[in-house]
Amino acid sequence: MKLPDFYQADFEAVDAELERLLPPESTPPASIHKAMRYSVFAGGKRIRPVLCMEAARIFSPDAQSAVQAGCALEFIHTYSLIHDDLPALDNDDLRRGKPTNHKVFGEAMAILAGDALLTLAFQTLASAPIESERRLKILALVAEAAGTDRGMIGGQVADIEAERKPVDGAGLEYIHRSKTAALIRASVVAGAIAGGAEPADVARIHTFGEHIGWAFQVVDDLLDVEESSAALGKTAGKDQAQQKATYPALYGLEKSRAIAADLEAKALGELSLFGERAAQLRQVGEFLVARRS
Ligand code: GRG
């Protein structure tokens, strides 16, 4: 799917901000800053910061205040990928078509680069140019989404514990909503709050983010089965090899595609009240679910 023009502009704004927020490679100790920068600039799609900016744009013409919050979400996302690739977790050599962080910098530095990016994320949120009450709300919701109770780490733990075991629909839903959807939901909710949305509108954006994030992970499960490693930029077929709990494994390909389509429809339905103001966020949502590397 071709990316819309505004996506390129958002992408460039995010990259410039990431560049500003990350210490230069020359800052001592240079090794950690090199490792952090390697993964942040390894070719990610910047979905989470773009979602954050586009959610903010529904409520405010100026998405500038959301760029910094969006970068914090990209730091958390990048840390999760670095740690997920480690030998103790997924043990992967390839990410975004490049050697994984620990393959280049060693395991110790990869662990520390992940830790440092998570820490920098909260430093970044704490200093974001957003009115203080709203900034605090964003800090709390991002911490919750990255955490253990229905957040990213909780989902990752449930994912590991479900390997090679039968998992039912409720268990699978918990994993996908926590491991992946929580951070995507936090990205749009943070953007909406940064843009000054009222609580009822924040709730709509929350439901949009939850469902589009869940659909995104169902599509990711499908891609792992349907695409090659070269097309994905990471090792394909790993879910089956590791007997992971996935939608195709539980429901088959056809039903999984239908589930992804239903989740997408539910997500996009939440935006209808915003009309044209949400046109760009809608397009990013569609891209997420239609994505092909
Ligand atoms: C290790 C704390 C910890 C958590 C790991 C999110 C996660 C939990 C692991 C990462 C691997 C994985 C299966 C992630 C699911 C979400 C997903 C599909 C990530 C890929 O996101 P994209 O497509 O990646 O936005 P790019 O490369 O574009 O940034």
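This briefing walks through the pockets, the ligand surroundings and the cysteines of the structure above. Keep in mind that we're looking at a predicted model. The largest pocket holds about 1200 Å³ of space, and the second largest pocket about 310 Å³. There's a ligand too, with 20 residues around it, and the disulfide count is zero.

**Largest pocket**

- A total of 49 residues line the largest pocket, and those closest to its centre are His77, Leu81, Arg95, Asp220 and Lys234.
- Seven helices chip in two or more lining residues: α3 (47–59), α4 (64–85), α8 (152–162), α9 (169–194), α10 (199–226), α11 (229–232) and α12 (238–241).
- The largest share of this lining belongs to α4, which hands over eight residues.
- Sorted by type, the lining of the largest pocket has 21 charged residues, alongside 14 nonpolar and 14 polar ones.

**Second largest pocket**

- Here 14 residues make up the lining, and Glu144, Arg150, Arg185, His206 and Glu210 sit closest to the centre of the second largest pocket.
- At least two lining residues come from each of α7 (132–146), α9 and α10.
- With seven residues, α9 gives the largest share of the lining of the second largest pocket.
- By type, that lining splits into seven charged, five nonpolar and two polar residues.

**Around the ligand**

- Of the residues around the ligand, Lys45, Arg48, His77, Arg96 and Gln217 come nearest.
- Lys45 puts a polar side-chain atom 2.7 Å from a ligand oxygen.
- For His77, an N or O atom of the side chain is 2.7 Å from an oxygen atom of the ligand.
- Arg96 has a polar side-chain atom 2.7 Å from an oxygen atom of the ligand.
- His77 turns up in two places, then: among the residues closest to the centre of the largest pocket, and among those that come nearest to the ligand.

**Cysteines**

- Cys52 is in no disulfide, and the nearest cysteine sulfur to its own is that of Cys71, 8.9 Å away.
- Looked at from the other end, Cys71 is in no disulfide either, with the sulfur of Cys52 as the nearest one at 8.9 Å.
- A disulfide needs two cysteine sulfur atoms within 2.5 Å, and the 8.9 Å between Cys52 and Cys71 doesn't meet that.
- Cys52 has 0% relative accessibility, so Cys52 counts as buried.
- Cys71 is buried as well, with a relative accessible area of 0%.

How values were computed:
Residues are numbered from 1 along each chain as its sequence is written. This is a predicted model: local features need pLDDT of at least 70, side-chain atom pairs count only at pLDDT 80 or more; totals for chains, interfaces and linings use all residues. Side-chain values use heavy atoms; hydrogens and water are left out. Buried means under 20% relative accessible area, exposed over 50%, partly exposed in between (1.4 Å probe, protein chains only). On a 1 Å grid over the protein atoms alone, a cavity is a set of points where a 1.4 Å probe fits but cannot get out, and a pocket is an open set with protein on both sides within 12 Å along at least five of seven lines; lining residues have an atom within 4 Å of a point. Grid points are joined across faces, edges and corners, and a volume is the space filled by probe spheres set on the points. Helices (H or I, at least four residues) and strands (E, at least two) are DSSP runs, numbered from the N terminus. Ala, Val, Leu, Ile, Met, Phe, Trp, Tyr, Cys and Pro count as nonpolar, Asp, Glu, Lys and Arg as charged, and the others, Gly among them, as polar. A residue is near a molecule or strand if one of its heavy atoms lies within 4 Å of it. A polar contact is a pair of N or O atoms within 3.5 Å; within protein, one must be able to donate a hydrogen and the other to accept it, and residues adjacent in sequence count only if both atoms are side-chain atoms.
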